[in-house]
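Open your viewer, load the model and keep the selection box handy. We will go from the whole chain to a few chosen spots.

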Amino acid sequence: MTPEESAEKNKKKENAPSRSAARLAAVQALYQMESAGQGVEATIREFQEHRLGGDIEGVALHKADAAFFADILRGAVETQTRLDPYLQRQLASGWRLSRLDATVRAILRAGLYELIRRADVPYKVVINEYVEAARAFFDGDEPGFVNAVLDAAAKEARHDEIQV
């Protein structure tokens with residue numbers, strides 16, 4: 001491994017917590033936007049000014065990558081009309097996306113956006129990160145469900161990257 005490759009690998013490891021925090025914030029923001037009807041730019045501004053890298057009950061959160069957060073949020077919103085039918089195909093027959101919990105929908109939309117538009121992020125990282133996001137919100141079957149849906153979507157969206 002060259003010194004440049006080693007430096008790039010270390011940079012990615014250092015950025016991991018800030019990207020994880022950005023993903024979690026993006027899920028929260030997508031949920032908020034759906035439930036409150038707030039626009040994407042106002043939501044990005046609110047999160048960047050008041051929530052990213054803050055604290056919850058005195059516990060400091062990892063500083064979130066604000067640009068990555070904004071990319072996920074804008075991307076998921078701008079491509080939602082294409083993401084939702086894609087996600088719908090991954091659901092069992094008779095299930096509608098609207099039937100899912102709003103937080104699960106937010107997780108799936110953000111995850112699918114990354115799978116489709118962020119080829120710089122390995123599909124395994126995307127799936128793992130959003131399964132972990134699901135675990136942050138749910139104790140039941142939802143993390144497994146998120147894993148199954150994103151795994152199926154990855155097989156379609158990233159078929160060249162997946163080694164069978």
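With the whole protein chain selected, 40% of its 164 residues count as buried. Keep in mind that this is a predicted model. Colour by secondary structure next: the chain has seven helices and two strands. Reading from the N terminus, the order is α-α-β-β-α-α-α-α-α. If you draw a contact map, look at pairs with a separation of 6 or more: 68% of those contacts are between residues 24 or more positions apart.

**Stop one: helix H2**

Select residues 40-50, which form helix H2. Show side chains for Val-40, Thr-43, Ile-44 and Phe-47, the buried residues here. Now turn the view until you look down the axis of H2: the buried residues fall within an arc of 100°, so they line one face of the helix. Then look at the other side of H2, where Glu-49 and His-50 are exposed.

**Stop two: helices H5 and H7**

Select residues 102-117 for H5 and 142-157 for H7. How do their axes cross, and at roughly what angle? The axes come within 10 Å of each other and cross at roughly 25°. Since angles under 35 degrees count as roughly parallel, H5 is roughly parallel to H7. The crossing of H5 and H7 is right-handed.

To see what makes the contact, show these two sets as sticks:

- From H5: Val-104, Ile-107, Leu-108, Gly-111, Leu-112, Leu-115 and Ile-116.
- From H7: Glu-142, Phe-145, Val-146, Val-149, Leu-150, Ala-153, Ala-154 and Ala-157.

**Stop three: Arg-118**

Move on to the loop between H5 and helix H6 (123-137), and pick Arg-118. Is Arg-118 buried or exposed? Its relative accessibility is 14%, and because buried means under 20%, Arg-118 counts as buried.

Add Asp-71 to the selection: the side chains of Arg-118 and Asp-71 make a polar contact at 2.9 Å. Leaving out residues up to four places away in sequence, Arg-118 touches Arg-19, Phe-68, Asp-71, Tyr-113 and Arg-158. Showing those five together gives you the surroundings of this arginine.

**Last stop: His-159**

Finish in the segment after helix H7, where you will find His-159. With a relative accessible area of 49%, His-159 is partly exposed. Which side chain does the His-159 side chain make a polar contact with? Select Asp-160: its side chain is the partner, at 2.9 Å.

Terms used:
Residues numbered from 1 in each chain as written. Predicted model: local features only at pLDDT ≥ 70, side-chain atom pairs only at ≥ 80, totals over all residues. Heavy atoms only, no water. Buried < 20%, exposed > 50% of the residue type's maximum accessible area, 1.4 Å probe, protein only. Helix = DSSP H or I, 4+ residues; strand = E, 2+ residues; numbered from the N terminus. Arc of directions from axis to C-beta. Polar contact = N/O pair within 3.5 Å; in protein donor to acceptor, adjacent residues only side chain to side chain. Axes fitted to C-alpha atoms, helices over the stretch in contact; angles between N-to-C directions. Parallel < 35°, antiparallel > 145°, perpendicular 65-115°, else oblique. Left-handed = near helix turned anticlockwise from the far one by under 90°. Contact = heavy atoms within 4.5 Å.
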